[in-house]
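Dear colleague,

I am handing over the structure below, followed by an account of what was found in it. Please read the notes with the sequence and the coordinates open beside you.

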Amino acid sequence: MIGVLICQIVLSIVLASVFLIRPSLTHAASWKILAFIGLCVLPALCIVGGMNTHVQRSEQTQFCISCHVMIPYGQSLYVDDPGHIPAQHFQNHRVPTDMACYSCHADYTIYGPLKDKLQGLKRIYVQYVSTPPDPAAIRIAGGFKNAQCLHCHLGARSFEENPVHVAMMDSLKSEQDSCLGSGCHDTAHDVANVSHLKMWRPAQ
Amino acid sequence: MKISEIGIERLLRISSLLVIVGLVLEIVSLLWFHPLSFVLFAFVAASLIGLGVLVYLTSLVFAGASDHENRN
């Protein structure tokens, strides 16, 4: 997909180069049309294609952990302990492994992806302009919402038939009780201790 | 200084140059797997391409205006 986009960009560069060297060509009607394609239509399509590629790329696990402060969060996905929620989801493919961070941290509302990207820009600012925080001190603004868990688990048989879940379903849906903070699934990314924990090594 | 004095051909050259530089930067941002590559694309490459398109559209407006003057 990226190859097609690069071919389109190269074609656009070639066309634009023609009009950089010989702008007088646009006196002829057919060249005027070509100039419109090369200097307006193709560049606009390149912006759309580039934006689409960058947005898709920013949803990848590798992209998320390419920031220095996120490295221990990436390591925590390999903790050999089923009590660690992110590790359990990642290792058992309960989330797509190449989009592990995005699957649980995306805002699934209508303007959610836009909010996520703006939040990402803020983090880039903190990383490169301000002082990046200690990885263990990073907290999600407003806490981790149950809606992130319920987006997948709601309607799933094993979740709905669990008597504990049945008893607290209303309070989980209304965010009165937290899936992570109510003492049931309280170990998420234990980044402070990740270097001391036993790690799972996937078979090659 | 009026834009018509600058010349339509010169505007086309400026537009082409902006679009080419923007597109080259877009290729760099696509091949560079780094959080800053998005910043490079969104704030530099896309802005340069957009500006190039805008300059080209401006040249079209002035080309149309000079044709109209010639007919009169």
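A residue is called buried when its relative accessible area is under 20%, exposed when it is over 50%, and partly exposed in between. By that rule A:K115, with a relative accessible area of 49%, is partly exposed, and its salt-bridge partner A:D107, at 22%, is partly exposed too. Please keep in mind throughout that this is a predicted model.

Salt bridges

Side chains of opposite charge can pair when their charged atoms come close. Over all chains the count comes to three salt bridges. One of them joins A:K198 to A:D80, with the closest N and O atoms 3.5 Å apart. This pair links distant parts of the chain, since A:K198 belongs to the segment after α10 (163-173) of chain A while A:D80 sits in the loop between α4 (71-75) and α5 (85-91) of chain A, and the two are 118 residues apart. A:K198 counts as exposed because its relative accessibility is 62%, whereas A:D80, with a relative accessible area of 36%, is partly exposed.

The pair mentioned at the start, A:D107 and A:K115, has its closest N and O atoms 3.9 Å apart. In the salt bridge between A:E161 and A:R157 the corresponding distance is 3.1 Å, and both A:E161 and A:R157 are exposed.

Helix α2 of chain A

Helix α2 of chain A covers residues 29-57, and its 29 residues should span 42 Å at 1.5 Å a residue; the C-alpha atoms at its ends are 41 Å apart, which agrees. The helix nevertheless has a kink of about 35°, centred on A:I37. The buried residues of α2(A) include A:A35, A:G38, A:L39 and A:C40, and among the others that are buried there are A:P43, A:G49, A:G50, A:H54 and A:R57.

The segment after α10 and the loop after α5

Which residues does A:S178 contact once its neighbours within four places in sequence are left aside? They are A:F144 and A:N146. A:S178 lies in the segment after α10 of chain A, and its C-alpha atom is 8.1 Å from that of A:F144, although the two residues are 34 apart in sequence. A polar atom of the A:S178 side chain also lies 3.2 Å from the backbone nitrogen of A:L180. At 25% relative accessibility, A:S178 counts as partly exposed.

In the segment after α10 of chain A you will also find A:E175, which has a positive phi of about 65° although it is not a glycine; at 33% relative accessibility A:E175 counts as partly exposed. A:H93, likewise not a glycine, has a positive phi of about 55°. A:H93 is placed in the loop between α5 and α6 (100-105) of chain A, and it is exposed, with a relative accessible area of 59%.

Chain B

Chain B contains three helices and zero strands, so that, read from the N terminus, its elements run α-α-α. Of its 72 residues, 38% are buried. Among the contacts in chain B with a separation of 6 or more, 66% are between residues 24 or more positions apart. Chain B exposes about 4,000 Å², and carbon and sulfur atoms supply 68% of that area.

With best regards

Note on methods. Residues numbered from 1 in each chain as written. Chains lettered and ligands numbered in written order. Predicted model: local features only at pLDDT ≥ 70, side-chain atom pairs only at ≥ 80, totals over all residues. Heavy atoms only, no water. Helix = DSSP H or I, 4+ residues; strand = E, 2+ residues; numbered from the N terminus. Expected span 1.5 Å × (residues − 1). Bend = angle between axes of the 7 residues up to and from the residue. Buried < 20%, exposed > 50% of the residue type's maximum accessible area, 1.4 Å probe, protein only. Contact = heavy atoms within 4.5 Å. Areas by Shrake-Rupley, 256 points an atom, 1.4 Å probe, with all protein chains shown as cover. Salt bridge = Lys/Arg side-chain N within 4 Å of Asp/Glu carboxyl O. Polar contact = N/O pair within 3.5 Å; in protein donor to acceptor, adjacent residues only side chain to side chain.
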